[in-house]
Structure formats: C-alpha cells, structure tokens
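Work through the exercises below with the model open. Try each task before reading its solution.

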Protein chains: 2
Amino acid sequence: MLKVTPFLDHKSMLISTHYPVMVIGGAEDKVNGCGILTAFFKSAGGKMATIGIIPCASQEPSVVGDRYYQIFKGMGAQQVQILDIRQPKECDQDRWLDILANCTGVFVTGGDQLRLRDLIGGSRFMTSIKERIAQGELVLAGTSAGAAIVGERMIAGGSSGESPNQSLVDLTTGLGIFPELLVDQHFHNRNRMARLISAIAAHPDKLGIGIDEDTCAAFENDGTFEVLGQGTITIVDPGKLTHTNYRAATQSSPLSLHNLTVHVLSPGDRYDYQNRVVLS
Amino acid sequence: MLKVTPFLDHKSMLISTHYPVMVIGGAEDKVNGCGILTAFFKSAGGKMATIGIIPCASQEPSVVGDRYYQIFKGMGAQQVQILDIRQPKECDQDRWLDILANCTGVFVTGGDQLRLRDLIGGSRFMTSIKERIAQGELVLAGTSAGAAIVGERMIAGGSSGESPNQSLVDLTTGLGIFPELLVDQHFHNRNRMARLISAIAAHPDKLGIGIDEDTCAAFENDGTFEVLGQGTITIVDPGKLTHTNYRAATQSSPLSLHNLTVHVLSPGDRYDYQNRVVLS
C-alpha cells in the first residue's frame with residue numbers, strides 16, 4: 001500500500017474530501033459537471049491549487065495538454081502548467097523538477113502507456129511525485145494510459161473479442177505506485193474482462209481492477225478507495241483461486257481460472273484493497 | 001435439474017460420450033473438424049442417428065436449415081429432416097410431431113430467440129422434446145439463439161459497451177429446459193459480461209452462464225456439464241452475493257454486485273451446476 005500521511009498543507013483547507021491518488025478509466029466528463037475532474041481539482045487545493053499536466057502519453061501533447069489547461073483554469077486553479085516532456089531523460093531537468101516541486105496536483109492524460117512509462121519511469125521526477133504524494137503534499141490523477149501505469153505490472157495493450165488467453169494481453173512493467181494492483185481501463189466499454197482475466201492468470205498475486213469510462217477509483221490514505229463517476233469498477237480477486245491452467249496453456253489456448261471473487265462496484269461504494277473486502 | 005435417465009437405446013451403441021443437452025455459444029466450427037457438431041452427431045447416434053433441425057429462430061430458415069442438413073448428412077446421419085415451422089401453432093401438427101417422434105437428435109439453430117420461443121414455446125411439440133430428453137431417447141443441441149432459450153429466464157437482447165445497468169439487458173421467459181440457468185452466448189466475443197451481470201442482478205436466484213463462440217456446455221445426466229470446443233464458459237454465481245443495489249437503481253444507473261463467484265472454464269473442465277462447484 002502507498003503510505004500517505006494526512007494532507008495537512010494549508011492549501012487543503014478548502015477540501016472536503018481529499019484523494020491522494022485518483023485512477024480514472026478514461027473518457028471522463030469534460031463538459032457537463034466534470035464530476036471527477038472537479039474532485040481532483042478540489043483535492044489539489046481548489047482555487048489555491050497549482051496543477052501540473054503531464055500529457056506525455058499522447059502523441060498530441062500540446063492539444064491534449066491545452067484541453068486540460070483550459071478546464072483547470074476554467075475551474076479557477078491558481079496556476080496550471082503543462083509539463084510537455086518529450087525525451088526520456090528530459091524530465092529530470094531542473095525546469096521540470098522545479099515546476100513539479102510547486103505543484104499541489106498532477107494530472108496525467110491518456111495516450112499510450114508505454115510511451116508515458118518510457119518518458120517518466122525510473123526518473124528522479126517520478127520518485128519526487130511518489131515522495132510528495134506520500135508526504136501529503138501532492139495529489140496525482142491519471143486517466144486511461146495515466147491509469148494503466150499505476151501498478152507494478154502494467155497492461156501495455158492487447159485485444160478483445162476472444163476467450164481469455166495468454167496472447168490477449170501484453171504485460172510489462174508499470175510505475176509501481178500501487179504495486180499490488182493490475183489496472184485496466186475503458187473496461188466494459190471496450191470489452192476488456194477477458195484481457196484482465198488473462199492478465200490475472202499471469203499474475204495471480206495481483207488484484208485486478210477494471211475501471212469503466214468516466215469512473216474513478218479515488219484512493220484515500222487508509223488502503224481504501226471510493227468509486228466516483230458514472231460507471232462501475234470491477235474487482236477481479238484471485239485470492240481464492242483454486243486452479244488455473246496458465247502454465248500448461250499455449251499462447252492462444254483458452255484459460256481456466258476457478259474460484260475468482262468478483263465485485264462490481266458502483267459510485268459511492270468503497271473497497272479496502274489491502275484486506276480485499278468491500279466496505280459498503 | 002433436468003432428470004435424464006441413461007441413454008440405453010440401441011442407437012447409442014456407437015457413442016463414447018453421451019450428452020443429453022448441448023448448449024453452444026454460437027459460431028461453432030462448421031468446416032474444420034466440426035468438433036462440437038461431431039460430438040452432437042455422435043450423441044444422437046452417429047450413423048444411426050435421425051436428426052431434426054429446427055431453424056425457426058432464423059429469418060432465413062431454409063438457408064440455415066439446409067446448411068446444417070448438409071453437415072449432418074455429410075457426417076453420415078441415417079436421416080436428417082428440417083422442421084421448418086413458420087407459425088406458432090403449426091408445431092403441434094401431426095406432420096411435425098411425427099418427425100420429432102422419430103428423431104434421436106434435435107439441433108436448434110441461431111437467429112432470434114424471441115421468434116424461436118414464440119414458435120415452439122408452450123407447445124406439445126416442446127413438451128415432447130423435454131419428455132424424450134428425460135427418457136434418454138433424444139439429445140438436444142442449441143446454438144446461439146438455440147442456447148439462449150434453455151433457461152426459465154431468457155436474455156432476449158440488450159446492449160454492450162456500457163457499465164452493468166438494468167437497461168443493458170432485456171429479460172423474458174425462456175423454454176425452461178434448465179430452469180436455474182441464465183445463459184448468454186457469443187460471450188467474450190461480443191462483450192457480454194456486463195449484460196450477464198445485469199441479468200444476474202435482476203435474478204440472483206439464477207446461475208449465470210456465458211458461453212463463448214465455438215464452445216459448448218455439454219450436459220450429462222448427473223447435474224454436470226463438460227466444456228467442449230475452442231473457447232471458455234464463464235460462470236457468474238451469485239450464491240454468496242452480499243449486496244446489490246438493483247432494487248434501488250434506476251434503469252440506467254450503474255449496478256453494484258458484491259461477492260460474486262466467477263469461474264472461467266476451458267475445454268475439458270467439468271462443472272456441477274447443481275452444487276455449484278468446479279469438478280476439474
């Protein structure tokens with residue numbers, strides 16, 4: 001579990017609920033109400049927030065960065081800056097570390113999670129983000145690709161429309177913000193149950209989390225998250241798995257997984273991912 | 001559970017494994033090996049089989065009926081007849097009942113399950129099918145729409161690409177061959193996890209069974225089925241469900257279901273649906 005101390009900074013005075021990390025399933029509402037983005041904005045300090053946007057996952061970082069810039073400026077954030085990092089080692093330059101040091105919130109956009117990881121993974125920049133979250137000085141939100149990267153193991157890509165099988169999912173190393181989680185996004189929207197199941201068959205020590213579009217796992221500092229937004233979060237918990245044929249299977253042969261525990265969580269539900277129980 | 005006595009008819013002498021009912025997830029292989037169709041052909045008596053094809057679900061019953069006619073004739077069935085029933089009360093005419101009385105196997109094709117149910121549901125014809133299965137005189141296979149109809153409650157249609165919600169699934173009355181089962185087909189292929197979950201939220205007394213394409217739940221006469229084919233069967237068992245918001249939810253609001261037991265079964269796996277345990 002990410003260790004997070006209470007967020008006691010003066011900038012949090014206006015915040016009713018504080019979420020240190022928000023993992024969003026993509027396609028969050030950006031026009032009507034902006035529920036999830038507003039929750040992030042408030043968590044980051046509301047009108048006293050300094051927000052950094054990391055658009056690196058996108059192949060159009062300027063366009064995507066500017067869109068979120070307009071949204072958070074429109075909400076009244078004190079300062080919004082786009083961290084348009086283009087090269088792998090660039091993020092450790094002082095110009096980016098200095099901006100990061102002043103941020104109370106960082107928003108990671110969608111795009112390609114591999115590109116994102118290659119640009120900021122293993123950097124001082126990333127270490128600083130983790131440390132400042134742990135110290136309660138910074139809140140982090142990631143959507144789509146920005147959500148995929150939070151686990152130690154990451155779904156880099158894959159297919160849909162097939163029975164669960166090894167070749168349905170490409171797995172690689174993520175950023176390890178929540179090492180025990182294996183996150184998929186655009187979940188029911190893009191038919192990803194089979195690929196999350198396939199990923200869990202490969203890593204039955206992890207907890208599968210499938211997040212629908214415009215839906216957010218809003219992590220608190222006690223090993224739990226709350227569901228925000230308009231869709232569901234599907235938990236695939238292999239803790240009681242009695243059998244899988246994963247090791248014996250070929251790349252394309254259908255997988256068996258017996259005795260998965262699955263929860264479908266809707267907005268307002270809270271889940272304790274450390275103890276693997278639904279709280280409400 | 002459907003009560004089935006052992007199939008002792010002389011026509012079964014050539015059968016190594018006998019499946020009284022075969023529920024197929026659609027798009028079964030009709031060209032390369034025809035694994036599932038061959039298992040049905042053998043169950044029905046092999047070269048001594050008299051097979052009746054019910055193409056009523058299809059809007060092109062002649063075309064669909066003829067396709068299966070060619071397949072079973074090609075396998076060497078003694079006799080194949082197409083029961084091209086076009087009107088609701090027509091199936092109780094002697095000409096169809098007489099054909100049925102001679103069949104050792106009945107194959108129900110895909111199409112529209114509502115059309116199929118309206119043509120043969122509640123008929124003497126259907127009662128005769130059930131009785132003859134129970135007596136071990138007849139084997140029944142249904143694919144796609146022919147699979148959807150086996151439960152007491154039937155998924156008539158619905159959508160995909162959304163979070164589980166009430167409006168995602170249209171439920172109505174099926175033929176009740178296995179009253180306790182709620183079957184969906186083309187399962188992972190057509191992104192139907194959310195709709196099966198939504199159906200189970202409405203009927204937590206049922207057992208959800210999602211069957212992939214070219215995959216078959218081959219029921220034996222002891223309350224179990226075996227998985228045949230090339231894909232998986234997903235069991236959604238709400239037996240340990242601790243919470244659903246189904247009754248409080250609006251038609252379109254996302255559903256919660258806490259503590260579902262889910263099994264992903266691959267070919268060769270066997271499941272005891274009466275006691276809700278995986279056998280292998």
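**Exercise 1. The contact**

Task: Find how many residues the contact takes from chain A and from chain B.

Solution. In this predicted model, chain A gives 33 residues to the contact and chain B gives 33 residues. Next, take the area. The two chains bury about 2,400 Å² between them. Carbon and sulfur atoms carry 54% of that area. Then look for the main contributors on chain A. H188(A), H258(A) and V264(A) supply 23% of the area that chain A buries against chain B, more than any other three residues. Last, check for salt bridges across the interface of chain A and chain B: the rule finds zero.

**Exercise 2. The symmetry**

Task: Work out how the two copies are related.

Solution. Start with the superposition. A turn of 180° and a shift of 0.0 Å along the axis lay chain A on chain B, with an RMSD of 0.0 Å. The two copies are thus related as by a two-fold rotation axis. Now compare the surfaces. Of the interface residues of chain A, 100% are also interface residues in chain B, so the copies meet through the same surface.

**Exercise 3. The largest cavity**

Task: Describe the largest cavity and its lining.

Solution. First, search the whole structure: four cavities of 30 Å³ or more turn up. The largest holds about 40 Å³ of space. Next, list its lining, which includes V21(A), M22(A), V108(A), L140(A), G146(A) and I149(A). Assign elements: in chain A, β1 (21-24), β5 (139-143) and α6 (145-148) each supply at least two lining residues. Finally, sort by character. The lining has nine nonpolar residues, two polar and no charged.

Note on methods
Residues numbered from 1 in each chain as written. Chains lettered and ligands numbered in written order. Predicted model: local features only at pLDDT ≥ 70, side-chain atom pairs only at ≥ 80, totals over all residues. Heavy atoms only, no water. 1 Å grid on protein atoms, 1.4 Å probe; cavity = no way out; pocket = protein on both sides within 12 Å on 5 of 7 lines; lining within 4 Å. Points joined across faces, edges and corners; volume = space filled by probe spheres on them. Helix = DSSP H or I, 4+ residues; strand = E, 2+ residues; numbered from the N terminus. Nonpolar A, V, L, I, M, F, W, Y, C, P; charged D, E, K, R; others polar. Least-squares fit on C-alpha atoms with pLDDT ≥ 70 in both. Contact = heavy atoms within 4.5 Å. Buried area = accessible area lost by both parts, 1.4 Å probe. Salt bridge = Lys/Arg side-chain N within 4 Å of Asp/Glu carboxyl O.
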